[in-house]
Amino acid sequence: MDAFKTFTGIVAPLDRSNVDTDAIIPKQFLKSIKRTGFGPNLFDEWRYLDRGEPGVDCTNRPLNNDFVLNDARYQGAKVLLARDNFGCGSSREHAPWALEDYGFRVIIAPSFADIFFNNCFKNGLLPIVLSSEIVDRLFEMVAAPQALELTVDLDAQAIGLPNGETISFDIGEFRKHCLLNGLDDIGLTFQHVDAIKSYEAKQQQVAPWLFTQ
């Protein structure tokens, strides 16, 4: 998992509450467990006018011009601005995979579904919970003709606005440490590889029958 670094990125507004994981990445794309290649099918049923299928090239598919990700102002967006209960529904980890593969690094919302919220941290995404009042204000700002860019500084736990204002956000120290150092569950385990090897060596002496085939 890549370490999370401070960046400035365009904000894409998804002005919908209760966006579930089937909308984020529809069920037909769950056959693959590669973690990559899901970006073109992010929000597939909203983004395109036809039905998407695994392995189909999305380059020439008809676009829904009313959907936010097809608006030229938000091309290359790294921050997704959403409403309450983002990521509800099934617990599929493909949802954060698709968001990350598309290019998003941060999702801002007043609330998230618990499992999706946890899955984001395990896949290098930063979900930020802000009050409904602040989110409303950001939606007003992002509606301007010129794209809104925010600077996200995880180490300082701060979001910088173009006018110089700063919005603080909360995050647990352990999750912050993991994102800053690019540590997923496997990476955390590898930090203890010497202790694991030492334990296995001792077990081979104490209970050798466990290691016979």
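Let me start with Leu 99, which, once its neighbours within four places in sequence are left aside, is in contact with Ile 24, Leu 42, Phe 43, Leu 80, Phe 86, Phe 104, Ile 107, Phe 116 and Leu 125. I should say at once that we are looking at a predicted model, and everything that follows is to be taken in that light.

Leu 99 is also among the residues that touch the most other members of the largest nonpolar core, a set of 59 residues, and it shares that position with Phe 43, Phe 86, Ile 108, Phe 116 and Leu 126. The largest share of this core, five residues, is supplied by helix α3, which covers residues 94-102. As general background, nonpolar side chains in soluble globular proteins tend to be buried together.

Stepping back to the whole chain, the protein has 213 residues, of which 45% are buried, and they are arranged with eight helices and seven strands. Along the principal axes, the C-alpha atoms fill a box of roughly 70 × 45 × 25 Å, while the exposed area comes to about 11500 Å², with carbon and sulfur atoms supplying 50% of it. If we take the contacts between residues at least 6 apart in sequence, 65% of them join residues at least 24 apart.

Now to the sheet. The seven strands form an open sheet with mixed pairing, and the order across it is β4-β3-β2-β1-β5-β6-β7. Since β4, residues 126-129, and β7 stand at the edges and have a single partner strand each, one side of each is left without a neighbour in the sheet. On average, and ignoring direction, neighbouring strands of this sheet are turned by 30° against each other. One pairing to look at in detail is that of β5, residues 149-153, with β6, residues 158-160, where the strands run antiparallel and are joined by three bridges; within it, Asp 153 has Ala 158 of β6 as its bridge partner.

Helix α5 packs on this sheet, touching β1, β2, β3 and β7, and its direction makes about 110° with that of β2. Which residues of α5 are buried? In this helix, which spans residues 132-142, they are Val 135, Leu 138, Phe 139 and Val 142, and because they cover an arc of only 105° around the axis, they lie on the same side of α5. It is these buried residues that pack against β1 (7-13), β2 (79-81), β3 (106-109) and β7 (166-168), whereas the face turned away from the buried side carries Glu 133 and Glu 140, both exposed.

Terms used
Residues numbered from 1 in each chain as written. Predicted model: local features only at pLDDT ≥ 70, side-chain atom pairs only at ≥ 80, totals over all residues. Heavy atoms only, no water. Buried < 20%, exposed > 50% of the residue type's maximum accessible area, 1.4 Å probe, protein only. Helix = DSSP H or I, 4+ residues; strand = E, 2+ residues; numbered from the N terminus. Arc of directions from axis to C-beta. Contact = heavy atoms within 4.5 Å. Pairing = 2+ DSSP bridges. Axes fitted to C-alpha atoms, helices over the stretch in contact; angles between N-to-C directions. Areas by Shrake-Rupley, 256 points an atom, 1.4 Å probe, with all protein chains shown as cover. Core = buried A, V, L, I, M, F, W, Y, C linked by side-chain atoms within 4.5 Å.
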